[in-house]
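This report describes the structure shown below, beginning with a loop and moving on to cores, helices and individual side chains.

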Amino acid sequence: MSQLFEVHPENPQPRLLKQAVQLLAKGGILAVPTDSSYALVCHLDDKAAADRLRRIRQVDDKHHLTVLCRDLSELSNYAKVDNKQYRLLKLGTPGPYTFILDAGKDIPRRLSHPSRKTIGLRVPDHRVLLDLLEQHGTALLATTLIPPGETEPMNDAEAIRERFQHDLAAVIDAGACALAPTTVIDLTPMGTGGDPEVIRVGQGPLDALGLGQ
């Protein structure tokens, strides 16, 4: 049975987050609240955990997993970012946006799209998740918690725990969060003089980035 960590949404208990980080270090997968919806997360450098993440979601290696970062400076460690892209990233971080960027040279090939060599990154605006990232000390690999065969993310910690009790090491319960996935924007065209491409409109408003519908 998955553990359930009930934490305060604004002042999460460090002791509980530390226990969650210990589970990540052992290869565990957690369900965590974000500023868009619940997500599944695992250690960035754990191939077995990443493979299990994909199996839970039933997605293949062409599906972008997202690297969750603490801030914009950490994000730039994992991707190639030029000045134009950086200015747009500043508008959307932290926030409910996932940005597709060219993967940095130090990113393991298994984490990037197999043909495009791109990677999805974001900096969440959620106190509990940011504190978890801080306790963990580095980025996490994530995917929106949308059950196989469904189109909407899950939002109730107890329901998530019951449904995935044999797949998850723990669920972090900080109360309900939004019921929408992130807005996904591909910034790679900007590297060759093009415009950013909106892949999915979700929780993050486009006008906050200066992009029209």
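Pro94 lies in the loop between helix H4 and strand S5; helices (H or I, at least four residues) and strands (E, at least two) are DSSP runs numbered from the N terminus. Thr93 and Pro94 are joined by a cis peptide bond with omega of about -5°.

The model is a predicted one, in which local features need pLDDT of at least 70 and side-chain atom pairs count only at pLDDT 80 or more, while totals for chains, interfaces and linings use all residues. Residues are numbered from 1 along each chain as its sequence is written, and side-chain values use heavy atoms, with hydrogens and water left out.

## Nonpolar cores

A nonpolar core is a set of buried Ala, Val, Leu, Ile, Met, Phe, Trp, Tyr and Cys residues joined through side-chain atoms within 4.5 Å. Buried means under 20% relative accessible area, exposed over 50%, and partly exposed in between (1.4 Å probe, protein chains only). The largest core has 43 residues, of which Val67, Phe99, Leu121, Ile160 and Leu168 touch the most other members. At least two residues of this core come from each of strand S3 (39–43), helix H2 (47–57), helix H3 (72–75), helix H4 (83–92), strand S5 (97–102), strand S6 (118–122) and helix H6 (157–163). H2 supplies the largest share, four residues. A second, separate core comprises 23 residues, including Leu16, Ala20, Val128 and Ala174.

Contact means heavy atoms within 4.5 Å. Leaving out residues up to four places away in sequence, Phe99 touches Leu88, Leu89, Gly92, Thr93, Ile119, Gly120, Leu121, Ile185, Leu187 and Leu209. Rings of Phe, Tyr and Trp (its six-membered ring) pair if their centres lie within 6.5 Å; planes under 30 degrees apart count as stacked, over 60 as edge-to-face and the rest as tilted. By this rule there is one aromatic pair. It is stacked, because the rings of Tyr97 and Phe99 have centres 6.1 Å apart and planes at 25°. Both Tyr97 and Phe99 are buried.

## Helices H1 and H5

H1 has twelve residues and spans 16 Å from its first C-alpha to its last, close to the 16 Å expected at 1.5 Å a residue; the expected span is 1.5 Å times one less than the number of residues. Leu16, Leu17, Ala20, Val21, Leu23 and Leu24 are the buried residues named in H1. They lie on the same side of H1 because they cover an arc of only 155° around the axis, the arc being that of the directions from the helix axis to the C-beta atoms. An α-helix has 3.6 residues a turn, so residues three or four places apart point the same way. The face of H1 turned away from its buried side carries the exposed residues Pro14, Arg15 and Ala25. Among the elements covering the buried residues of H1 are strand S1 (3–6), strand S2 (30–32), helix H5 (127–136) and strand S8 (170–173).

In H5, the buried residues are Val128, Leu129, Leu130, Leu132, Leu133 and His136. These pack against H1, S2, S3, strand S4 (66–68), S7 and S8.

Ala174 is placed in the loop between S8 and strand S9 (183–186). Neighbours within four places in sequence aside, Ala174 is in contact with Val7, Pro9, Pro33, Tyr38, His126 and Val128. Ala174 and Pro14 are 160 residues apart in sequence and 13 Å apart in space, C-alpha to C-alpha.

## Positive phi values

The table lists residues with positive phi.

| Residue | Phi | Place |
|---|---|---|
| Gly27 | near 95° | follows H1 |
| Gly137 | near 85° | follows H5 |
| Gln58 | near 55° | loop between H2 and S4 |

Gln58 is a residue other than glycine, and its 63% relative accessibility makes it exposed.

## Cysteines

A disulfide is a pair of cysteine sulfur atoms within 2.5 Å. A search of the whole structure finds zero disulfides. The sulfur of Cys42 is too far for a bond because the closest cysteine sulfur, in Cys69, is 14 Å away. For Cys177 the closest cysteine sulfur is that of Cys42, at 19 Å, again too far for a bond. Cys42 counts as buried at 0% relative accessibility, and Cys177 counts as buried at 15%.
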